[in-house]
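Got a few minutes to walk through a protein model? Have the sequence and the 3D view ready, and follow along one piece at a time.

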Amino acid sequence: MNTNRFSAVLGIALLGVALSSLHAGESLPLQSVNRANEVIDAALEAHGGATRLAELNSLVQESRFITHATDQSRKPEPPWDRGAQQNFNAIDFERGVFVTRGTGTGGGFEFDFGTIIEGDTAWQIDYRAGTAAPIAEPDFNTASGPFIRVTPALLMKQLQARRQLSHWLGETDIGGRPHDIVTLVMEVGPGLSLYFDRETHMLTRMERVFPPFGQVEYRFGDYEVIDGIAFNRSFRLLVNGDSNIDSTITATEVNADVGSHTRVAQDLQRIPAVTPDDFNLQEIDEGVFLVGGTGTYGLFVEMADHVVAIGGTQGAAQRMAEVRKHVADKPVRYGVLTHHHSDHVPGAADYASEGATIITFREHEQVVRNVLDGAEARLEFVDERMTLTDGSRRVELYDIGPTPHAEHILIAYLPDEGIVFQADHLQQPRTGPLPPAVAATEAFAAALARLDLDYERIVNAHSPRISTADDLQSVLDRQPRKVAGAP
């Protein structure tokens with residue numbers, strides 16, 4: 001169901017409640033709460049019963065899935081690229097334990113990451129790099145949220161504990177079957193809409209809105225009963241109606257001891273703690289600023305009478321405002337988008353409102369227009385390379401595509417400063433050694449050699465860390481680690 005349809009269904013449903021009162025004399029909010037409780041009671045019973053769900057304290061699951069790189073493929077339109085992944089998750093609510101590990105490939109990457117949280121002790125692990133970093137401020141609810149949201153039994157447990165915050169939104173038809181819609185407000189994250197089949201009372205669908213990417217839809221099916229509780233054996237995730245994940249749960253253990261999964265392998269290199277990525281500005285050269293936080297960064301270059309902004313990740317407006325504290329009375333004249341992926345184009349709207357010219361590829365024009373949503377903007381298109389200059393300082397843009405990550409993708413090169421700005425092709429974690437190269441990194445390094453660029457520093461759209469040419473070579477020379485005893 002798309003967002004507009006859902007809004008229409010919601011409006012009609014609430015109007016229907018108002019016109020045909022469920023219980024005479026009750027207010028509309030009270031009717032909504034009472035109806036929600038009726039739906040919740042029936043759903044709890046269908047999923048195993050309130051007692052069994054309350055006693056579901058720990059869960060271990062393994063799954064494998066195919067990812068559809070919706071708006072994250074090498075090309076900006078379907079068919080989307082596919083990747084293969086495997087996941088391990090273990091949760092213990094009483095002890096505040098959550099362990100997850102994901103391995104897979106896609107988009108020119110190979111990855112093997114994990115998180116271990118046990119109360120106030122937590123680790124972020126890169127098994128491929130062989131590193132373990134303490135998490136300075138572990139958050140069980142935030143870390144476990146993604147697993148809970150794809151596991152109906154755990155969603156029911158959340159609904160059971162937080163039902164006082166739930167409302168009945170109305171009813172709708174899914175596949176010819178009537179469904180009730182009930183809200184769930186978890187400890188963290190956006191509100192959820194849960195869809196329960198009126199006949200079976202099973203959870204078949206969930207939706208949430210996730211700005212700026214749109215609506216995320218979860219579909220659950222193929223239930224089986226394990227220890228008296230209904231667990232789904234299949235799961236689908238759709239983004240704005242397009243398939244994103246098709247998952248199969250391959251193993252489920254109920255109320256198992258998860259203690260063995262919290263051990264951090266001894267042969268992992270301990271590295272400095274992972275701390276919150278707070279918003280910050282670095283002046284990495286005179287008039288050259290790397291600005292951002294929470295994993296999204298942009299490069300801003302001061303020219304004689306204007307500023308060039310490079311990188312289109314979300315939050316460009318905040319970054320421009322911070323730069324103005326250091327570069328007074330100079331407008332942003334150009335906003336450069338590295339590529340078409342959904343996390344690298346939201347800044348286009350901020351650049352347009354600034355009156356800046358947006359620089360992209362002609363092949364990506366429709367993606368950018370969609371982000372602009374009808375707003376007026378000037379677009380200029382790069383054909384292999386482009387130079388922006390004020391007669392003194394130069395910003396050179398190069399298309400290094402095709403790479404395993406994108407058919408067309410820009411890097412920015414400041415020849416006088418020896419700086420290269422890149423997105424998604426060199427992983428630069430904030431602590432510890434850089435991980436071994438993946439296919440995207442190898443393509444990036446080959447492009448730098450082919451272009452014969454004389455550079456000293458590499459900056460990243462997703463990290464405040466600055467790397468060197470020697471760092472890149474060390475990444476190319478490293479081999480992935482094999483860690484003993486990992487879950």
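Here is a quick tour of a sheet, two helix pairs and a loop residue. Keep in mind that this is a predicted model.

**The sheet**

- Start with the six strands that make an open sheet, lined up as β22-β23-β24-β25-β26-β27 with mixed pairing.
- The edge spots belong to β22 (385–389) and β27 (463–468); each has a single partner strand, so one side of each has no neighbour in the sheet.
- Going from one strand to the next, the twist averages 20°.
- Now zoom in on β23 (residues 394–399) and β24 (residues 410–414), which pair in the antiparallel sense over four bridges.
- Look for L397 there, and you'll see it standing opposite A412 in β24.
- Helix α10 (residues 469–477) packs on this sheet, where it touches β26 (457–460) and β27. The direction of α10 makes about 90° with that of β27.

**Helices α9 and α10**

- Helix α9 (residues 439–451) meets α10 too: their axes come within 11 Å and cross at roughly 135°.
- Angles of 65 to 115 degrees count as roughly perpendicular and those over 145 as roughly antiparallel, so α9 is oblique to α10.
- The crossing of α9 past α10 is left-handed.
- Which residues make the contact? From α9 come T441, E442, F444, A445 and L448, while α10 brings L472, V475 and L476.
- Sort the residues of this α9 and α10 contact by class and you get six nonpolar, one polar and one charged.

**Helices α6 and α7**

- Over at helix α6 (residues 316–324) and helix α7 (residues 347–354), the axes come within 8 Å and cross at roughly 50°.
- That angle makes α6 oblique to α7.
- On the α6 side, the residues are A316, A317, M320 and R324, and they meet G347, D350, Y351 and E354 in α7.
- The class count for the contact of α6 with α7 is four nonpolar, one polar and three charged residues.

**A loop residue: A328**

- You'll find A328 in the loop between α6 and β19 (332–336).
- Is A328 buried or exposed? A328 has 54% relative accessibility, and the cut-off for exposed is over 50%, so A328 counts as exposed.
- To get a sense of distance, compare A328 with D126: they are 202 residues apart in sequence and 42 Å apart in space, C-alpha to C-alpha.

Conventions:
Residues are numbered from 1 along each chain as its sequence is written. This is a predicted model: local features need pLDDT of at least 70, side-chain atom pairs count only at pLDDT 80 or more; totals for chains, interfaces and linings use all residues. Side-chain values use heavy atoms; hydrogens and water are left out. Two strands pair if DSSP finds at least two bridges between them. Helices (H or I, at least four residues) and strands (E, at least two) are DSSP runs, numbered from the N terminus. Axes are lines fitted to C-alpha atoms, for helices over the stretch in contact, and angles run from 0 to 180 degrees between N-to-C directions. Contact means heavy atoms within 4.5 Å. Angles under 35 degrees count as roughly parallel, over 145 as roughly antiparallel, 65 to 115 as roughly perpendicular and the rest as oblique. A crossing is left-handed if the near helix is turned anticlockwise from the far one by less than a right angle, and right-handed if clockwise. Ala, Val, Leu, Ile, Met, Phe, Trp, Tyr, Cys and Pro count as nonpolar, Asp, Glu, Lys and Arg as charged, and the others, Gly among them, as polar. Buried means under 20% relative accessible area, exposed over 50%, partly exposed in between (1.4 Å probe, protein chains only).
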